[in-house]
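Biologist: I should like to examine how the terms applied to this model are justified. Please begin with the naming of its elements.

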Amino acid sequence: MELVFPLALYVGIPAIIILIFVGLKRKDAFRDGKKVANTDFLEETELYKHLKRKYKCFSILALVGLWLALLLSVIMLARPARIDQIHPQVHNRDIFICMDVSTSSDEINLNICKELKEVVRELNGERFGISIFIGQSVLLVPLTTDYDYVMESLDKLEASFKTTFYLDHIALYDKQRDLYYYRFEGTINENGGSSLIGDGLASCLYSFPDLKENEERSRLIIFTTDNELEGEPIVTVEEAAALCKKNDVKVFAVTPENIVDREVFRNAINSTGGKFYEFSSPKVFKELIEDIRLTDASVTEDVKTIVTDKPEALFIWLLICISIHFLFSRKVKL
């Protein structure tokens, strides 16, 4: 047990001792009433002796209650507490899931939402984010360690992807219709252009908040797309992959078996130091998750000071002492 503010004791206890000393030395001066002579007979009576003992007892209790209350107040000001220093390991890794949410990728996205929940449950200090795109990119979840929020977002995306498989009934259920259109809000480019793959990957890359400032962090993007370009992108997939490589961001891409421009896309992804996967069975996601676990995550030790105090007991005793003082001081009119 340590004191957070020990100065309160160094000043308070001597002050209390001085007050007690002064109080004990003080002689009560005659203030009210009339002096009475020849009181020896009265003082010898049992009633007088009983009342005198009662007076002294109540006086002592009132003074002790006051002194203890002062002492407890000083102790509370000093704040006794248990101070612990812990050295938690901080995993300096950032993970982004970047999804092409056009309907042609719904099956892949549905499965990856399910599988990535296992990854999120294992995170310990790493930041996780979600970026989605079709014609333009939306940062759905900025990099965060709020894993509950990440899980809620993955659940909502999963529910949205599921609605694709019963589109005929969406008109009957407003809730399902809202879920279906959830992933399209903000991702549709009103000026034309759909499935702008390179733009989506580049936008996700620059959603890392400290690419230049903190180069020690390990960064990776989990990328899902069918690479079916429709429109004129600002950045091609090859250019976006080159930017990822330049900034030391690995890209792990999951695509359907019939991906457009397979070799070009695969070479671009592999150039980042990541890996290219073709969706053929749920086992591909187990391989992806295992590869994510094997990615380097720099670890640093943080120093945290935890102050644990429980003033409740001291406060209760303080109230008791104050109550004792006021109760008995009223009886003896101190």
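Modeller: Helices (H or I, at least four residues) and strands (E, at least two) are DSSP runs, numbered from the N terminus. Threonine 272 lies in the loop between α9 and β8 (275-279). This is a predicted model, in which local features need pLDDT of at least 70, side-chain atom pairs count only at pLDDT 80 or more, and totals for chains, interfaces and linings use all residues. Residues are numbered from 1 along each chain as its sequence is written, and side-chain values use heavy atoms, with hydrogens and water left out.

Biologist: Why is threonine 272 called buried?

Modeller: Buried means under 20% relative accessible area, exposed over 50%, and partly exposed in between (1.4 Å probe, protein chains only). Threonine 272 has a relative accessible area of 8%, and is therefore buried.

Biologist: What makes the approach of the side chain of threonine 272 to the backbone nitrogen of valine 251 a polar contact?

Modeller: A polar contact is a pair of N or O atoms within 3.5 Å; within protein, one must be able to donate a hydrogen and the other to accept it, and residues adjacent in sequence count only if both atoms are side-chain atoms. The side chain of threonine 272 reaches the backbone nitrogen of valine 251 at 3.0 Å, and that of glycine 274 at 3.2 Å.

Biologist: Which residues does threonine 272 touch, not counting residues up to four places away in sequence?

Modeller: With contact meaning heavy atoms within 4.5 Å, threonine 272 touches Ala241, Cys244, Lys245, Val249, Lys250 and Val251.
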